[in-house]
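Thank you all for coming; I will talk through one structure this morning, going from single residues to the way the helices pack. Please keep the sequence and the model in view while I speak.

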Amino acid sequence: MSPWGWVISSIVVAILGTVFGMSIGSLNKQVVKDRYGKINFKKTDIYFKWTRWDHVIVIISIYTFLCITGLLVFLLRGDTINSIWVQFFIHQTFVFSLLTFCWSITRTSYILKGIKERWSDEFK
């Protein structure tokens, strides 16, 4: 079994992950924190707007769907795990579906925390 599919996929994951991470990480400049390092949701509006974070999540979701489609095509063609393309698409699908899931859950939790802190009097 040739490991080249995994190696190439790891390089692609590192490059895309770095680009996506840097674009999302730059949003931290707009987050207001208190003296204890916690996010002040009353002064931070970034979690209630459509941002680069949301664009990145949509792009990664589309890329993941295309990787799943590519994997399906090569498996229907009769390729096995020994194929470089099958290895590549399995690795890409796993990593980027995990990233999409984790980032979506994180984004949703920040939104819910912000709603709870901003409008806590309405929930009592």
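Let me begin with a question: does Val58 count as buried, partly exposed or exposed? Before I answer, I should say that this is a predicted model, in which local features need pLDDT of at least 70 and side-chain atom pairs count only at pLDDT 80 or more, while totals for chains, interfaces and linings use all residues. Residues are numbered from 1 along each chain as its sequence is written, and side-chain values use heavy atoms, with hydrogens and water left out.

Now the answer: Val58 counts as partly exposed, because its relative accessibility is 38%, where buried means under 20% relative accessible area, exposed means over 50%, and partly exposed is what lies in between, with a 1.4 Å probe and protein chains only. Val58 is found in helix 2, and I should add that helices are DSSP runs of H or I with at least four residues, strands are runs of E with at least two, and both are numbered from the N terminus. The C-alpha atoms of Val58 and Ser2 are separated by 32 Å, and these two residues are 56 apart along the chain.

Let me stay with helix 2. The 25 residues of this helix, residues 52-76, should span 36 Å at 1.5 Å a residue, and the end C-alpha atoms are 36 Å apart, which agrees; the expected span here is 1.5 Å times one less than the number of residues. Its buried residues are Trp53, Asp54, Val56, Ile57, Ile60, Thr64, Cys67, Gly70, Leu71 and Phe74, and what covers them includes helix 1, residues 4-25, and helix 3. Contact, throughout this talk, means heavy atoms within 4.5 Å. Just after helix 2, Gly78 takes a positive phi of about 105°.

Ser61 also lies in helix 2, and with a relative accessible area of 31% Ser61 is partly exposed. A polar atom of the Ser61 side chain lies 2.7 Å from the backbone oxygen of Ile57. That is a polar contact, by which I mean a pair of N or O atoms within 3.5 Å; within protein, one must be able to donate a hydrogen and the other to accept it, and residues adjacent in sequence count only if both atoms are side-chain atoms.

Turning to helix 3, residues 84-118, its 35 residues should span 51 Å at 1.5 Å a residue, and the end C-alpha atoms are 51 Å apart, which agrees. Ser83 caps the N-terminal end of helix 3, with a side-chain oxygen 3.3 Å from the backbone nitrogen of Trp85.

Two residues of this helix deserve a closer look. Gln92 is in helix 3 and is buried, with a relative accessible area of 0%. Leaving aside residues up to four places away in sequence, Gln92 touches Ser9, Val12, Val13, Tyr63, Cys67 and Ser97, and a polar contact of 2.7 Å joins the side chains of Gln92 and Tyr63. Thr100, at 12% relative accessibility, counts as buried too, and its side chain reaches the backbone oxygen of Phe96 at 2.7 Å. With the sequence neighbours up to four places away again left out, Thr100 touches Ile57, Ile60, Ser61 and Thr64.

Finally, the packing. Helix 2 and helix 3 pack at an angle of about 150°, with their axes 8 Å apart, the axes being lines fitted to C-alpha atoms, for helices over the stretch in contact, and the angles running from 0 to 180 degrees between N-to-C directions. That makes helix 2 roughly antiparallel to helix 3, since angles over 145 degrees count as roughly antiparallel, under 35 as roughly parallel, 65 to 115 as roughly perpendicular and the rest as oblique.

The axes of helix 1 and helix 2 come within 9 Å and cross at roughly 155°, which makes helix 1 roughly antiparallel to helix 2. On the helix 1 side, Val12, Leu16, Phe20, Ser23 and Ile24 meet Arg52, Trp53, Val56, Ile59, Ile60 and Tyr63 of helix 2.

Helix 1 and helix 3, for their part, pack at an angle of about 25°, with their axes 8 Å apart, and they are therefore roughly parallel to each other.
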